[in-house]
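Biologist: Please take a close look at one helix and its surroundings, and tell me how it is packed, beginning with a single side chain and working outwards. I would like one connected account, with the numbers where they matter.

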Amino acid sequence: MKYIPDIDLYTDESGNRFVKNEFKPEDPVYIGVDGDEWVTSYKGVTQRCLFSVLPTTLRDGAQAYLCDKLKTNAPSYLSKFHNTIQWLSAALPGNIENYEDLGIGDWIEMWEEAPASYRTFLREFYSWLAMRSDSDAMRQIAAELNLWKARNNTRTLRRVLDWDTKHGAFTSDETEVLLRLFQKAQTDDTQKNAIRLFGWMLFETLKRPSQILGMRATALEAVSNEGVDEYFLVIPKAKAQSAEDSGYWRITSELAEEIMRFSNRPEVERLQRIHDRLIVFPNDGLDEHGEISSLTAGAALLSWVNSQGLLSPRTGEQMYVRPYRIRHTGGTRLAMQGFSVDEIMDVLEHDSLNSCQAYIDAVGADLIPAIEKADRKLGSLFVNLNNIFFNG
């Protein structure tokens, strides 16, 4: 690739232009920016933006903005921006030929209709355009947009708070049943073994699926301490922390032994050597992208657990096992053990205090009625304990 300073892009021998994505500086990705379809692969998923969804006169600004953003944002920004401009195109008033034609009334109407997840994108996009235009009107509208909240109310993990039986945390009984399955189920099937270990790793590390699936083939490391081996997984960061160095997370020797047994399988060893990923199994997505996607692994986890006929001790029905439920469970368990919001945020590698506060609130929602009931009988014995635990 040859860097062209005048356009701040790279070109290949055929003159095709590329933006250098340095979301992970040690492993940059070059994304083609010619034409109206930009495509790349990231974390086992094809990321694509089709500018043809926009009117022709609005495409140049959108392409220039996305080109700038792709230098530092995750490649998945490509698909997110596509979804935003697709919505924008349908919401635009008729006969719009350029972004200067949008008045404050148009923005108020679109803002009220826009999904919360699109509002931040729209505001950033328009503000970027305004800063690079000669239009005072655009800059004034951009300043107004920056005063508007993307969400009408603070978003909380409602399903965590309600201990939802399909989407919230697992109970202690459910967790025990699941862990027994992950630790004891044996099979010669490579995919089922990979998924079993995937679920087990999620429980022991509380990391996101993309982090577990993004681990290198050599992620398992042993450290000898006074003749006793301790085992760690080298797990990449995610989201806003992706540019940071991978972290070391201790795991049990039982899980480490199962990982080593899995990696010694001839088929697994071959796939790990080709793709340099720890969690591998024959899959079209792995062949195309070099990594199992979170969507594929999550669906396979649900399917495998259901095939085992596992019933929830809480509901008596099949357990709905999804990776995010395992993280909810871990966050809630940490809250029950008295960890602070900051500590939970650090373990789960969350960027939002509000998200982590929901775990503590969930514990309160579950225990406070029982505490109050006992309190009435025992003369406020639990009042001080309640205040200390739930109010810090």
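**Helix H8 and its surroundings**

Modeller: Arg196 lies in helix H8, and in this predicted model that residue makes a good starting point. Its relative accessibility is 1%, which falls under the 20% cut-off, so Arg196 counts as buried. The side chain of Arg196 extends to the backbone oxygen of Phe182, at 2.7 Å. Once its neighbours within four places in sequence are set aside, the contacts of Arg196 are Leu181, Phe182, Gln183, Ala185, Gln186, Glu258 and Trp304.

Trp304 leads on to a helix pair, since this residue also appears on the H13 side of the contact between H8 and H13. The axes of these two helices come within 10 Å and cross at roughly 100°; that angle falls between 65 and 115 degrees, and H8 and H13 are therefore roughly perpendicular to each other. On the H8 side the residues that take part are Gln191, Lys192, Ile195, Arg196, Phe198 and Gly199, and they meet Ala297, Gly298, Ala300, Leu301 and Trp304 of H13. Sorted by class, this contact of H8 with H13 comprises six nonpolar, three polar and two charged residues.

Beyond that pair, consider the largest nonpolar core, which has 44 residues and in which Leu178, Met201, Leu233 and Val305 touch the most other members. Two or more residues of this core come from each of helix H7 (172-184), helix H8 (190-205), helix H9 (209-213), strand S8 (228-235), helix H10 (253-263), helix H11 (266-275) and helix H13 (294-307). The greatest contribution is that of H8, with eight residues. Such an arrangement may be set beside a general tendency: in soluble globular proteins, nonpolar side chains tend to be buried together. If residues up to four places away in sequence are not counted, Met201 touches Leu206, Ile212, Met215, Leu233, Leu255, Ile259, Leu278 and Ile279. Another core, of 40 residues, lies apart from this one, and includes Leu9, Cys49, Phe81 and Leu92.

Leu206, one of the contacts of Met201, sits in the loop between H8 and H9. Its phi is near 60°, a positive value in a residue other than glycine, and Leu206 is buried, with a relative accessible area of 12%. Leu206 is also touched by Val347, as are Lys207, Trp249 and Leu334, when residues up to four places away in sequence are left out. Val347 itself belongs to helix H15 (residues 341-348); from C-alpha to C-alpha, Val347 and Lys207 are 8.5 Å apart in space, although 140 residues apart in sequence.

Leu278, another contact of Met201, is also in contact with Gln272, together with Ala217, Phe262, Ser263, Arg277 and Val280, leaving aside neighbours of Gln272 within four places in sequence. Gln272 lies in helix H11 and is buried, with a relative accessible area of 8%. In the loop between H11 and helix H12 (284-289) is Asp276, which has a positive phi of about 55° although it is not a glycine. At 30% relative accessibility, Asp276 counts as partly exposed, whereas Leu206, likewise a loop residue with positive phi, is buried.

Conventions: Residues are numbered from 1 along each chain as its sequence is written. This is a predicted model: local features need pLDDT of at least 70, side-chain atom pairs count only at pLDDT 80 or more; totals for chains, interfaces and linings use all residues. Side-chain values use heavy atoms; hydrogens and water are left out. A nonpolar core is a set of buried Ala, Val, Leu, Ile, Met, Phe, Trp, Tyr and Cys residues joined through side-chain atoms within 4.5 Å. Buried means under 20% relative accessible area, exposed over 50%, partly exposed in between (1.4 Å probe, protein chains only). Helices (H or I, at least four residues) and strands (E, at least two) are DSSP runs, numbered from the N terminus. Contact means heavy atoms within 4.5 Å. Axes are lines fitted to C-alpha atoms, for helices over the stretch in contact, and angles run from 0 to 180 degrees between N-to-C directions. Angles under 35 degrees count as roughly parallel, over 145 as roughly antiparallel, 65 to 115 as roughly perpendicular and the rest as oblique. Ala, Val, Leu, Ile, Met, Phe, Trp, Tyr, Cys and Pro count as nonpolar, Asp, Glu, Lys and Arg as charged, and the others, Gly among them, as polar. A polar contact is a pair of N or O atoms within 3.5 Å; within protein, one must be able to donate a hydrogen and the other to accept it, and residues adjacent in sequence count only if both atoms are side-chain atoms.
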